[in-house]
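Reader: Hey, I've got a protein model open and I'm a bit lost. Could you walk me through it?

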Amino acid sequence: MAGHTVTHRLRGRGRRVARPRRPPIRRGALALLAVSLAVAGIGGLVVAGSHHSRQATVTHTAPGPGTAPNGTLRAVVTIAAGARPARVPDSFLGLSTEYWAVPTWERESSVLDRVLSLLHVPGDGPPMLRIGGDSANEALWESEAEEFPAWVVELTPNWLSQTSALVRHTGVRLILDLNVVTASPAISAAWAGAAEVALPRGSIAGFEVGNEPDLYSRNDWIRIVSQTIAASQLLPDSLSPSAYAQDFATYSRAVASVAAGVPLMGPAVATPSRGLHWISALLASPHPGLEAVTAHQYPYSACARPRSPRYPTIPRLLGESATAGMAKALKPGVRLAAHAGLAFRLTELNSVTCGGRTGVSDTFATALWAPDALFELLREGVDAVNIHVNPGKINAAFSLSSRGLSANPLLYGLILFAGTLGHDSELVPLHVAAAHGLALKAWSVRLRSGALRVLLINKGSRAATVMLRLAGLGRGSVYRLEAPSVRSRWGVTLGGRHLSTSGRWLGSPSSEAIVPSASGYAVTVPRFSAALFAASPA
């Protein structure tokens, strides 16, 4: 294999080339969200949008709202009376990447481990890493040295050794995608069996059968594998919901013969709102071993034309369609899975697909989008999410290279979300009364200890003064997520600190002590920023 055991060669050429890596970018200040803050429970509310959630009530009337003496818009937040908290699932937030990225991640596993620790909730289950994506249907098991066509992502014994080292260093559990396009059930089962034997015992959380079958085009794949007769013969004539359901049963039997007891996942549809029939067809057919219904979700696409409603812009990314609307579109699929007694998992999530769009997917707007989107998904019943990190792409939360970590704004939003949670936490529904024109979102989480966290996200151009009317709590603290502007690609701070290329925090941590008045806790949230309030029982 001459060095790299996973290679992806230029199409039409015989030589192997490494995937391009984005050089690390020096970031300004990214703030640390105090890990010591344990929070339980989450509750969401929309303050300024037209969306009214079933767990939050939003009004634009007295008492309280209006314009404060300092010119900011006012909002009043209280815990919704009579509403039931919802438990946050363990290991809710995970990552996803491509097969070819694993060797680089393993070489930089010390830095990756620090990133994972920032996204991990203390006391939670192990971090989950899904490996697949676009590379899944190009990945073939190579047990012996041989020359593969240029389009193949080669999986080798050395790849398994590197992945084993990554698992041991970071403690992740894996979801491995199976190739259903250019491989047969027997070929994919041979790969699954090799992985089950070579990887640490119990480290495979599941095999995901396929990747985005609803986007399959035989003509597109013929162009890719045109020089490979064997692969061309394996290509399905078409993939329909019923055909996929039959394939799933076949793959299930093949995998069970070599990796008995390892759960299966599927159908990994790209458009779950329009592809609900893929889920229903799978559940209506025999599906032995299926433990989770999976799908992918990206509210916008860099492949869309500028006039399309799917074309990504910062105002759209900050709007309710990108968070609440996206989550509600998944509700029918979540219900189907729950009715079948199965979990519903997004094995890919990001703001913009097709690699992202410069000036949108790499800006501070993604840091404000991420925690709001994740809380909306939690509220709608999604059991777990894997943020897709395609190294070198514009929409990647981070990149790893020999120069270390390059942390993009999205990573800071993910850290903020994780820091709002805690072991055995609950989502606590809120009620908000807000002034007109205020684009504020608020989410609350309660820990087993009784400690409360309230995350305030101001996605608008007007600053807010928020009165938190919360009884039974003592002195509180406020940690802030900020950047020079919503379009900033660096200069992000969380609690006054930023991440270095080693994945460690730099700068002096800062927080604000806050003592309640007779009216509650007053928190100012500047335009295009977020603030995390934390307090323990009095």
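Author: Sure, let's go through some helices, aromatic rings, a pocket and a few odd backbone spots. Keep in mind that this is a predicted model.

Reader: Cool. Let's start with helix 3, how many residues has it got?

Author: Helix 3 runs over residues 157-170, so to speak, and has 14 residues. From its first C-alpha to its last it reaches 20 Å, close to the 20 Å expected at 1.5 Å a residue.

Reader: And which residues of helix 3 are buried?

Author: The buried ones are Trp159, Leu160, Gln162, Thr163, Ser164, Leu166, Val167 and Thr170.

Reader: What comes just after helix 3?

Author: Gly171 does, and its phi is positive, about 80 degrees.

Reader: Switching topic: how many aromatic pairs are there?

Author: The count comes to 11. Take Tyr244 and Phe248: their ring centres are 6.4 Å apart and the planes sit at 50 degrees, so this pair is tilted.

Reader: Where do Tyr244 and Phe248 lie?

Author: Both are in helix 7, residues 241-256. They are 4 residues apart, about one turn of the helix. An α-helix has 3.6 residues a turn, so residues three or four places apart point the same way.

Reader: Oh nice, that clicks. Are Tyr244 and Phe248 buried or exposed?

Author: Tyr244 is buried, and Phe248 is too. For a stacked pair, look at Phe375 and Trp443, with 5.3 Å centre to centre and 15 degrees between the planes.

Reader: Which parts of the chain does that pair tie together?

Author: Phe375 lies in helix 12 (residues 364-379) and Trp443 in strand 21 (residues 440-446), so the pair links parts that are 68 residues apart in sequence.

Reader: Why does Phe375 count as buried?

Author: Because its relative accessible area is 0%, and buried means under 20%. Trp443 counts as buried as well, at 0% relative accessibility.

Reader: Which residues form a cluster with those two?

Author: Phe92 and Phe417 do; together with Phe375 and Trp443 they form one aromatic cluster.

Reader: Now the pocket stuff. How much space lies in the largest pocket?

Author: About 1,400 Å³. The largest pocket is lined by 46 residues, and those nearest its centre are Asp134, Glu212, Leu215, Thr353 and Cys354.

Reader: What kinds of residues are in that lining?

Author: The lining of the largest pocket divides into 20 nonpolar, 15 polar and 11 charged residues.

Reader: Which helices supply at least two residues of the lining?

Author: Helix 5 (218-224) and helix 10 (324-329) each do. The largest share, 3 residues, comes from helix 5.

Reader: You mentioned Cys354. Where does Cys354 lie?

Author: Cys354 is in the loop between strand 15 (352-353) and helix 12. At 39% relative accessibility, Cys354 counts as partly exposed. Its phi is near 60 degrees, a positive value in a residue other than glycine.

Reader: What's the usual sign of phi, then?

Author: Most residues other than glycine have a negative phi, and most peptide bonds are trans.

Reader: OK, which other residue has a positive phi although it is not a glycine?

Author: Phe528 does, with a phi of about 45 degrees. You'll find Phe528 in the loop between strand 29 (521-525) and strand 30 (529-537). At 15% relative accessibility, Phe528 counts as buried.

Reader: And where is there a cis peptide bond?

Author: One joins Gly266 and Pro267, with omega about 5 degrees. Pro267 lies in strand 11, residues 264-269.

Reader: Last bit: what does the side chain of Ser96 contact?

Author: The Ser96 side chain makes a polar contact of 3.0 Å with the side chain of Arg130. Ser96 also has a side-chain polar contact with His388, at 2.7 Å. Ser96 sits in strand 5, residues 93-98, and is buried, with a relative accessible area of 0%.

Reader: I clicked on Leu452 too. Where is Leu452?

Author: Leu452 is in strand 22, residues 452-458, and counts as buried at 1% relative accessibility. Leu452 and Leu473 are 21 residues apart in sequence, and their C-alpha atoms are 8.2 Å apart in space.

Reader: Great, thanks!

Definitions and conventions:
Residues are numbered from 1 along each chain as its sequence is written. This is a predicted model: local features need pLDDT of at least 70, side-chain atom pairs count only at pLDDT 80 or more; totals for chains, interfaces and linings use all residues. Side-chain values use heavy atoms; hydrogens and water are left out. The expected span of a helix is 1.5 Å times one less than its number of residues. Buried means under 20% relative accessible area, exposed over 50%, partly exposed in between (1.4 Å probe, protein chains only). Rings of Phe, Tyr and Trp (its six-membered ring) pair if their centres lie within 6.5 Å; planes under 30 degrees apart count as stacked, over 60 as edge-to-face and the rest as tilted. On a 1 Å grid over the protein atoms alone, a cavity is a set of points where a 1.4 Å probe fits but cannot get out, and a pocket is an open set with protein on both sides within 12 Å along at least five of seven lines; lining residues have an atom within 4 Å of a point. Grid points are joined across faces, edges and corners, and a volume is the space filled by probe spheres set on the points. Ala, Val, Leu, Ile, Met, Phe, Trp, Tyr, Cys and Pro count as nonpolar, Asp, Glu, Lys and Arg as charged, and the others, Gly among them, as polar. A polar contact is a pair of N or O atoms within 3.5 Å; within protein, one must be able to donate a hydrogen and the other to accept it, and residues adjacent in sequence count only if both atoms are side-chain atoms.
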